[in-house]
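Trainee: I have a new model open and want to go through it with you. Can we start with the overall fold and then move to the side chains?

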Amino acid sequence: MMHPVSSDASQPEPATPWTRGEWFAFAGLLIAVVSVLIAIAQGIYLIGFELQRVNDIERRVVTIESIQSARGQQMQQLAVDLARIDASMASLAEWAKEQREAARR
């Protein structure tokens, strides 16, 4: 013989409305979840802001290094030009000395 199925077991319980305390608990949980999501969004925003700032600083450092490299090349060229000027001045001084000695004779 089969056992009869109880009519209570086959039908779900009817939904009961939430009590005021349950609504307050749900609202508190919802506020906590939204607060956590807002904090995560703020963290992501701040991380993005800092990454942008770091990238900007890196770009400025690269610019400064390229300017420094160009200045170094200019300084090397100035040293070469100064050596040429010194050599020209030495040859002019030698020529002037020879001219004075020739005028004395």
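**Fold and contacts**

Mentor: The secondary structure comes to two helices and zero strands. Keep in mind that this is a predicted model.

Trainee: What radius of gyration does the protein have, and what would a compact globule of 105 residues have?

Mentor: The protein has 45 Å, while a compact globule of 105 residues would be near 13 Å. Along the principal axes, the C-alpha atoms fill a box of roughly 150 × 40 × 10 Å.

Trainee: How much of the protein is made up of buried residues?

Mentor: Buried residues account for 0% of the 105 residues. The protein exposes about 10200 Å², and 65% of that is supplied by carbon and sulfur atoms.

Trainee: Give me one pair to get a feel for distances. How far apart are Q68 and A87?

Mentor: In sequence Q68 and A87 are 19 residues apart, and in space 29 Å, C-alpha to C-alpha. Q68 lies in helix α2.

Trainee: Is Q68 buried or exposed?

Mentor: Q68 counts as exposed, because its relative accessibility is 55% and the cut-off for exposed is over 50%.

Trainee: Switching to charges. How many salt bridges does the structure hold?

Mentor: Four salt bridges. One of them joins D56 and R59, with the closest N and O atoms 2.2 Å apart.

Trainee: Where do D56 and R59 sit relative to each other?

Mentor: Both are in helix α2, which covers residues 20–104. They are three residues apart there, so about one helical turn separates them.

Trainee: And how accessible is D56?

Mentor: D56 has 23% relative accessibility, so D56 counts as partly exposed.

Trainee: Which salt bridge do R60 and D56 make, in terms of distance?

Mentor: The side chains of R60 and D56 meet at 3.4 Å, N to O. These two residues also lie in helix α2, four residues apart, which is about one turn of the helix.

Trainee: What about R84 and D81?

Mentor: R84 and D81 form a salt bridge too, at 3.4 Å from N to O. They are three residues apart in helix α2, so about one helical turn lies between them.

Trainee: Are R84 and D81 buried or exposed, or something in between?

Mentor: R84 counts as exposed, at 52% relative accessibility. D81 is partly exposed, with a relative accessible area of 28%.

Trainee: Which residues do shared partners join into a network?

Mentor: D56, R59 and R60 are joined into one network by salt bridges that share partners.

Trainee: Now the rings. How many aromatic pairs are there?

Mentor: The structure holds three aromatic pairs. Among them is W18 with W23, a tilted pair whose centres are 4.8 Å apart, with 55° between the planes.

Trainee: How accessible are those two tryptophans, W18 and W23?

Mentor: W18 counts as partly exposed at 44% relative accessibility. W23 is partly exposed as well, with a relative accessible area of 49%.

Trainee: Why is the pair of W23 and F26 edge-to-face?

Mentor: Because the planes of their rings are at 85°, and planes over 60 degrees apart count as edge-to-face. The ring centres are 6.4 Å apart.

Trainee: How are W23 and F26 spaced along the helix?

Mentor: They are three residues apart in helix α2, so the separation is about one helical turn.

Trainee: And is F26 buried or exposed, or in between?

Mentor: F26 is partly exposed, with a relative accessible area of 37%. Taken with its partners, the picture is one aromatic cluster formed by W18, W23 and F26.

Trainee: Which residues form the nonpolar patch on the surface?

Mentor: W18, W23, F26, L30, V34 and I38. Together they have about 610 Å² of accessible area.

Trainee: Let me check my notes, then. What should I write down for the rings and for the charges?

Mentor: For the rings, write that W18, W23 and F26 form one aromatic cluster and are also part of the nonpolar surface patch. For the charges, note the network of D56, R59 and R60, and list the R84 and D81 salt bridge as well.

Technical notes: Residues numbered from 1 in each chain as written. Predicted model: local features only at pLDDT ≥ 70, side-chain atom pairs only at ≥ 80, totals over all residues. Heavy atoms only, no water. Buried < 20%, exposed > 50% of the residue type's maximum accessible area, 1.4 Å probe, protein only. Phe/Tyr/Trp six-rings, centres within 6.5 Å; stacked < 30°, edge-to-face > 60°. Patch = residues over 30% accessible without salt bridge, like charges linked within 9 Å, V, L, I, M, F, W, Y side chains within 5 Å. Areas by Shrake-Rupley, 256 points an atom, 1.4 Å probe, with all protein chains shown as cover. Rg over C-alpha atoms; globule rule 2.2 N^0.38 Å.
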